[in-house]
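Visitor: I should like to know on what grounds each descriptive term is applied to this model. Please set the terms against their definitions.

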Amino acid sequence: MNNHIHKILEALKDQKILITSHRDPDGDCLGSTVAMTLALQQLGYEVTAVNRDMIPYRYAFLDPSGIIKTPHALSDYDHQVAIVLDASDLLRLGYDMHALFPHVKTIINIDHHMSNQLFGDINLIKVKAAANCEILYDVLTLMNVVVNEDIANALYVGITTDTGSFKYEATSSKTLRIAASLIDHGADINLIRTNVWENEPFNRILALSEVLDNLKISEDGRLSWIKISQGAILKHQLTNGDLESFVDYPRTITGVEVALFIKEIEEGFLKVSIRTKSLVDATKIAGIFGGGGHKRAAGFKIKGDLLDQEAHIIEKVKQEIDREFSCMDLSM
Ligand code: 5GP
Ligand code: MN
């Protein structure tokens, strides 16, 4: 880690810095972006933070002054160094970074995805980290950044959301020690809880109720899935981030090993969230469709209508689950 920090600081010296992360931003992506931006500003660097998509309402409190801009809203594009956070490949940014920022000559890639493509000139990848914010805690500490309340809140949000409030398998004793230290540095868990977890717009609950009403489960009980059509998204006036965490419901069912949420995010374009409980590797399922992610949480995008694609996706996923279970039977 020390060696990486040395290289990162060398690369940042006297440069104009772009900080960016994946499209459809979640808590870890936004926490990482805000914490890194505030930290580098504190150290006196010139920094611009960019995300392709709007910040979901539940994370807006992390960025009250609007430091995160959309890529096309900037007045200049002459940044020479890009720090890419929590993104396994540059396609995940959802915009063409090289085309928009032609002067970027050094990419610093900090991430915790197993499927990271090592696209950076400096790659700091820690697949055991439960959240990218967990890596950033070490990075910022080694850079002698003063972890103030705003940075502590941002890092805590990333860690608490990516671990499902410290429930998921990737949660380690180190994760908990970092979270404890962030509380010592002023992370306000009441502020975070009321914004992130107790801040549901009524229309989202109505949509959840409709989605759960149509929940499906396979005959063997190992796969459960939910879906939402573009029509329902429009009817309930759902915005960016409103569908986050719906997929946790089918996973909670006893005996279910794999949960899917098929979302028709645009007409003719689907995004699928995959969650697994303890036996099946979610990245293997995502990989069948060209996606990626982590062992317990992964995703992919696919063209086509919900009606046409649902049966095809379910069929493929069932085959993969059967394959995984038959391999396990053979090894026992
Ligand atoms: P979610 O289902 O919450 O959108 O994503 C879960 C995990 O899967 C995240 O770690 C995310 O980075 C990854 N993921 C989701 N969609 C895609 C995708 O289209 N491509 C890749 N490579 N990873 C994805
Ligand atoms: Mn993450």
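The exchange below takes the terms in turn.

Guide: This is a predicted model, in which local features need pLDDT of at least 70 and side-chain atom pairs count only at pLDDT 80 or more, while totals for chains, interfaces and linings use all residues. Residues are numbered from 1 along each chain as its sequence is written, and chains are lettered from A and ligands numbered from 1 in the order in which they are written.

Visitor: Why is the chain called as compact as a globular protein of that length?

Guide: The radius of gyration, taken over C-alpha atoms, is set against the globule rule of 2.2 Å times the number of residues to the power 0.38. The chain has a value of 20 Å, close to the 20 Å that the rule gives for 332 residues, so the term applies.

Visitor: What makes strand β5 mostly covered?

Guide: A residue is buried if 20 or more other C-beta atoms, placed from the backbone, lie within 10 Å of its own, exposed if 12 or fewer, and partly exposed in between. In β5 (residues 106-111; strands are DSSP runs of E, at least two residues, numbered from the N terminus), five of the six residues are buried. Over the 332 residues of the chain, 41% count as buried.

Visitor: How do you know that β4 and β5 pair?

Guide: Pairing requires that DSSP find at least two bridges between two strands. Strand β4 (residues 81-85) and β5 have five bridges, in the parallel sense, and therefore meet the definition. Four bridges join β5 to β6 (residues 122-125), also parallel. Ile-110 of β5 is the bridge partner of Leu-85 and stands opposite Leu-124 in β6.

Visitor: What makes a residue part of the shell around ligand 1?

Guide: The C-beta atom of the residue, placed from the backbone, must lie within 6 Å of the molecule. There are 13 such residues, and the closest are Ser-273, Gly-291, Gly-292, Gly-293 and Gly-299. Strand β12 gives the most, with five residues. At least three residues come from each of domain 1 (2-197) and domain 2 (203-331), with bounds from an automatic or database domain assignment.

Visitor: How do you know which residues of the two domains are in contact?

Guide: Contact means that the C-beta atoms of two residues, placed from the backbone, lie within 7 Å. The C-alpha centres of domain 1 and domain 2 lie 27 Å apart, and the contact takes 12 residues from domain 1 and eight residues from domain 2.
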